[in-house]
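Here's a quick tour of how the parts of this chain sit against each other. Have a look at the model first, then read on.

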Amino acid sequence: MFARSIIRLPTTLSRGFATHTGPLSALPATLRLKTGQSFHGRSFGSPRSVFGETVFSTSITSYTESMTDPSYRGQILVFTTPLIGNYGIPSNNAPIDSQDVGVVLESQGIQCSAIVVADVAEKFSHHSAVESLASWCRRSNIPAITGVDTRAITRLLRDQGTTLGRLAIGADASAPAPVSEQYWDPSIENLVDQVSTKYPYQLNPTGKIKIAVLDFGVKANILRSLVRRNAAVTVLPWNYDFNSIRDKFDGLFLTNGPGNPGQCMEAVSILRKTLQEWNKPVFGICMGHQIIGMAAGLEAYRMTFGNRGHNQPVLALASAGSIKAGRVYVTSQNHQYALKLSDPFPQGWEPFFINCNDSSVEGIKSTPESGKKVWGVQFHPESAGGPLDTIEMFTDFLDECRVHKAENVKTPVGTTIDAASFMREQPARVQVTA
Ligand SMILES: NC(=O)CC[C@H](N)C(=O)O
């Protein structure tokens with residue numbers, strides 16, 4: 001009694017001290033790969049079994065942001081960093097007003113099908129944490145396994161490529177492996193349709209530059225990055241007939257999204273028409289970049305194991321805005337597909353970035369001679385998580401929209417518009433919450 005009263009801290013002081021997750025479940029869990037390998041461990045999430053595409057991420061931090069990124073839909077996410085969960089989970093409720101997007105993390109909840117970790121943290125400590133990783137998974141109905149050799153799993157996936165799998169929990173964990181045809185393949189489904197908004201909505205309607213966002217599964221930090229730079233953002237379903245309303249906007253943005261870009265041909269044909277008939281700036285990230293590339297005439301292909309992590313180096317091959325040719329930028333990535341490097345490139349287009357590890361195409365842009373301002377990047381400039389090396393691409397995009405708008409304003413004879421005065425109304429570097 002006496003000892004307890006001595007070590008008890010006032011609540012204000014104890015905030016941020018390590019908190020126990022509570023007892024972890026004793027249920028067995030098995031990760032089975034379609035290729036026949038099994039990994040046995042312990043369940044710490046929801047007691048149900050799921051199928052999914054097994055992928056690995058080399059990110060060291062930001063399990064909260066990765067798990068809520070809609071691009072992970074349908075995937076069993078293996079973290080190569082051994083200790084996961086040590087800073088817990090923050091509350092995901094942000095004030096819903098026109099200036100913000102209503103969530104702290106990257107979407108309303110967990111998007112991946114399941115997670116695989118070597119060593120789930122039984123204690124967590126962070127000033128914003130309200131619960132443990134285990135409790136979040138259980139509450140969100142997401143299965144999770146700990147106590148498996150994630151290094152061995154990753155080496156397998158690197159060799160044989162992203163593999164269909166099943167995370168089996170409880171009695172299922174020792175049941176015979178499913179037969180090959182039973183493994184669900186998310187790439188044959190239109191996952192984008194499941195995560196895209198079903199109706200258009202607006203953020204920051206009084207913003208100066210009007211941006212339409214085609215939502216393939218948008219990460220919240222993309223919307224924050226636009227709104228914080230004072231864009232009025234209208235988010236549209238992925239296959240919305242943008243061309244019927246395009247004249248209301250100063251620029252078009254295409255977001256990230258899950259699954260096979262080949263499932264989104266409807267968006268490719270809408271965009272092809274836009275690029276032929278509309279001259280305003282267009283910017284796309286990840287899935288958005290793949291859609292732009294396909295509309296430009298490039299082909300998308302499935303990589304062996306893709307790139308997932310927050311430490312991918314890309315080399316800029318051309319300069320544009322804040323990006324300087326010849327520099328290497330460290331980027332956040334989560335993709336399985338990429339655009340094929342064609343020689344020659346389609347007319348009016350050029351490669352923008354290339355991956356320093358595997359030489360895959362990391363970005364394309366319209367050529368200066370084309371008279372257009374269109375960029376696509378395979379990586380995530382908005383990070384969340386990851387480095388902010390390329391965050392200013394959002395400023396560059398909005399600057400181009402301002403310049404384009406200014407050039408189209410009828411100028412009274414004798415007056416000149418100084419395009420630079422339209423630029424950089426926002427601080428050069430905007431703080432982004434990781
Ligand atoms: N993050 C993304 O937008 C991913 C795009 C696409 N689903 C891929 O895996 O390549």
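The C-alpha centres of domain 1 and domain 2 lie 29 Å apart. Domain 1 runs over residues 17-188 and domain 2 over 191-422, with bounds from an automatic or database domain assignment. Keep in mind that this is a predicted model: local features need pLDDT of at least 70 and side-chain atom pairs count only at pLDDT 80 or more, while totals for chains, interfaces and linings use all residues. Numbering starts from 1 along each chain as its sequence is written.

The contact takes 26 residues from domain 1 and 30 residues from domain 2; two residues are in contact if their C-beta atoms, placed from the backbone, lie within 7 Å. On the domain 1 side, S4 and H5 each supply at least two residues, and S4 gives the most, with three residues. Helices (H or I, at least four residues) and strands (E, at least two) are DSSP runs, numbered from the N terminus.

Here's the class make-up of the side of domain 1 that touches domain 2:

| Class | Residues on that side |
|---|---|
| Nonpolar (Ala, Val, Leu, Ile, Met, Phe, Trp, Tyr, Cys, Pro) | eight residues |
| Polar (the others, Gly among them) | 13 residues |
| Charged (Asp, Glu, Lys, Arg) | five residues |

Now for H5 (residues 150-160), where Thr150, Ile153 and Leu157 are buried, i.e. 20 or more other C-beta atoms lie within 10 Å of their own (exposed is 12 or fewer, partly exposed in between; C-beta atoms are placed from the backbone). They cover an arc of only 60 degrees around the axis, so they end up on the same side of H5; the arc is that of the directions from the helix axis to the C-beta atoms. The buried residues of H5 pack against several strands, including S4 (50-57) and S19 (300-316). Turned away from that buried side is the face with the exposed Ala152, Arg155, Arg158 and Asp159.
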